[in-house]
Amino acid sequence: MRKFLTRSLAVSAVALVALSVAACGGSDRNDSGTGSNPSGAAKGFAKDALIGVALPSKTSENWVLAGDLFTNGLKDAGFKSDVQYAGASTTVADQQSQISAMITKGAKVIVIGATDAAQLGTQVKQAKDAGAVVIAYDRLITGTKDLDYYVAFDNFKVGQLQGQALLDGMKAKKPTGPYTIELFSGSPDDNNAGVFFKGAMDVLQPEIDKGNVIVGSGQKDVKQTAIQGWKAEGAQARMDSIMTSTYAAGGKTLDGVLSPNDTLARAIITSVKAAGKPVPVVTGQDSEVESVKSIMAGEQYSTINKDTRKLVAQTIKMVQALQTGGEPEINDTKSYDNGSKVVPSYLLAPVIVTKANAAEAYANDPKLAPLTK
Ligand code: GAL
């Protein structure tokens with residue numbers, strides 16, 4: 001995780017990459033299984049091989065879309081696919097057994113959007129032992145050296161963009177501070193949640209230190225701000241209680257709320273309105289239809305565009321490279337230490353969207369473009 005590796009860890013990660021590059025030099029990169037070749041089994045496989053895709057439960061629109069895109073995209077690329085979602089409640093056990101079933105069916109690559117980053121080590125090892133390549137999709141899988149690749153939008157950058165949007169939005173409404181805010185973060189079992197929060201705090205903490213920004217409730221620790229399962233009702237309940245404790249009649253005025261995604265942003269706005277207070281500046285992520293409408297109506301302040309079509313396309317490109325026995329393209333070898341290894345990653349750039357640039361940001365999105373007219 002960028003900026004969170006200790007210096008020595010960062011240095012040894014660099015050394016490791018240098019070593020493995022040196023080890024690859026000149027000789028056959030694919031001859032030693034898990035040795036010099038990070039993907040282990042990438043000796044190529046049949047053009048119509050089975051590709052498994054294990055996704056978390058449908059917590060936001062991007063996950064719903066990803067399933068359809070994988071089903072169609074893998075078919076168009078000539079592969080067989082097995083695309084599964086974890087159920088709504090027993091998510092971890094569901095996903096574990098779905099992955100095991102994919103291994104049994106002989107999947108050559110397994111793409112995983114983890115429900116719980118830390119609970120898939122056994123399945124990832126099983127996949128590796130069976131000769132399958134594992135790609136973590138959107139969410140990192142932690143605590144396993146058997147994970148081959150990670151493909152995602154730059155999560156730390158997402159957080160930084162959210163933090164900056166919050167400051168910009170508040171400043172546009174009220175030119176001088178101090179500003180009173182509240183902080184929310186995503187599900188603690190999703191590795192992204194902590195990275196988004198750290199990215200946002202990278203921007204907000206200096207302002208808090210200077211006294212320009214005050215967290216009204218005093219709840220600043222990621223544990224206090226987390227919303228289990230990315231559930232809207234969890235965010236609404238937490239906001240309800242903060243409205244009562246801190247912003248009731250005679251209390252403070254709320255200027256802004258850091259929300260990690262759109263589902264939670266709308267729940268937070270609902271809560272503030274129910275308390276009879278004006279809607280503050282609220283950030284988001286995922287470009288969900290209802291949130292884009294809310295932004296255009298001047299309610300939610302910002303969202304993040306992480307074009308799921310691009311992320312799925314990039315993942316399928318990786319699968320195609322593996323099919324031919326090649327190495328998938330990666331563009332980052334230092335940011336994502338999963339506790340057992342620094343995972344070779346392909347990171348895409350997220351885009352911040354407010355009312356001001358929505359038309360431009362969604363110009364090529366047939367679903368969202370009409371909403372910005
Ligand atoms: C994250 C993902 C976000 C959002 C969230 C809620 O892992 O990166 O875009 O979808 O899950 O499901």
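Is A235 buried or exposed? A235 is buried, at a relative accessible area of 0%. The legends below return to this residue after an overview of the predicted model.

**Figure 1. Overview of the predicted chain.**
The chain has 373 residues, and 53% of them are buried. Its secondary structure comprises 12 helices and 12 strands. Among contacts with a separation of 6 or more, 72% link residues 24 or more positions apart. The exposed surface comes to about 15600 Å². Carbon and sulfur atoms supply 55% of that surface.

**Figure 2. The surroundings of A235 in helix 8.**
Helix 8 runs over residues 232–246 and holds A235. A235 touches F184, I227, L264, A267 and I268, with residues up to four places away in sequence left out. The relative accessible area of A235 is 0%, so the residue falls under the 20% limit for buried. I269 is 34 residues from A235 in sequence. The C-alpha atoms of A235 and I269 are 10.0 Å apart.

**Figure 3. The ligand and the residues around it.**
The ligand is surrounded by 14 residues. T59, D138, R139, D190 and D286 are the closest. A side-chain N or O atom of D138 is 2.7 Å from a ligand oxygen. For R139, a side-chain N or O atom is 2.6 Å from an oxygen atom of the ligand. D286 places a polar side-chain atom 2.6 Å from a ligand oxygen. On its own, the ligand has 300 Å² of accessible area, and the protein covers 100% of it.

**Figure 4. K306 and its contacts.**
K306 sits in the loop between strand 10 (302–305) and helix 11 (308–323). The side chains of K306 and Q285 form a polar contact of 2.8 Å. K306 also touches D138 and D286, both listed among the residues closest to the ligand. Its other contacts include F153, N155, V158, F196 and P350, again leaving out residues up to four places away in sequence. Why does K306 count as buried? Its relative accessibility is 9%, and buried means under 20%, so K306 qualifies.

**Figure 5. Helix 6 from start to end.**
Helix 6 covers residues 191–210, 20 in number. From its first C-alpha to its last, helix 6 reaches 29 Å. That is close to the 28 Å expected at 1.5 Å a residue. At the start of the helix, a side-chain oxygen of D190 comes within 2.8 Å of the backbone nitrogen of N192. D190 is also one of the residues closest to the ligand. Where does helix 6 kink? The kink lies at D202, with an angle of about 40°. The proline P206 comes shortly after D202. G211 follows the helix and has a positive phi, near 85°.

**Figure 6. The cis peptide bond between G177 and P178.**
G177 and P178 are joined by a cis peptide bond. Omega is about -5°. P178 belongs to the loop between helix 5 (155–173) and strand 6 (179–183).

**Figure 7. W230, a non-glycine residue with positive phi.**
The phi of W230 is about 55°. W230 is placed in the loop between helix 7 (222–225) and helix 8, the helix that holds A235. W230 has 7% relative accessibility and therefore counts as buried.

**Figure 8. S287, a non-glycine residue with positive phi.**
The phi of S287 is about 50°. The loop that holds S287 lies between strand 9 (281–282) and helix 10 (289–296). S287 has a relative accessible area of 4%, so this residue is buried.

**Figure 9. L347 in strand 11 and its distance to D138.**
Strand 11 runs over residues 345–348 and includes L347. Is L347 buried or exposed? At 12% relative accessibility, L347 counts as buried. L347 and D138 are 209 residues apart along the chain. In space, 9.4 Å separates their C-alpha atoms. D138 is among the residues closest to the ligand, and D138 also touches K306.

Definitions and conventions: Residues numbered from 1 in each chain as written. Predicted model: local features only at pLDDT ≥ 70, side-chain atom pairs only at ≥ 80, totals over all residues. Heavy atoms only, no water. Helix = DSSP H or I, 4+ residues; strand = E, 2+ residues; numbered from the N terminus. Expected span 1.5 Å × (residues − 1). Bend = angle between axes of the 7 residues up to and from the residue. Polar contact = N/O pair within 3.5 Å; in protein donor to acceptor, adjacent residues only side chain to side chain. Buried < 20%, exposed > 50% of the residue type's maximum accessible area, 1.4 Å probe, protein only. Contact = heavy atoms within 4.5 Å. Near = heavy atom within 4 Å. Areas by Shrake-Rupley, 256 points an atom, 1.4 Å probe, with all protein chains shown as cover.
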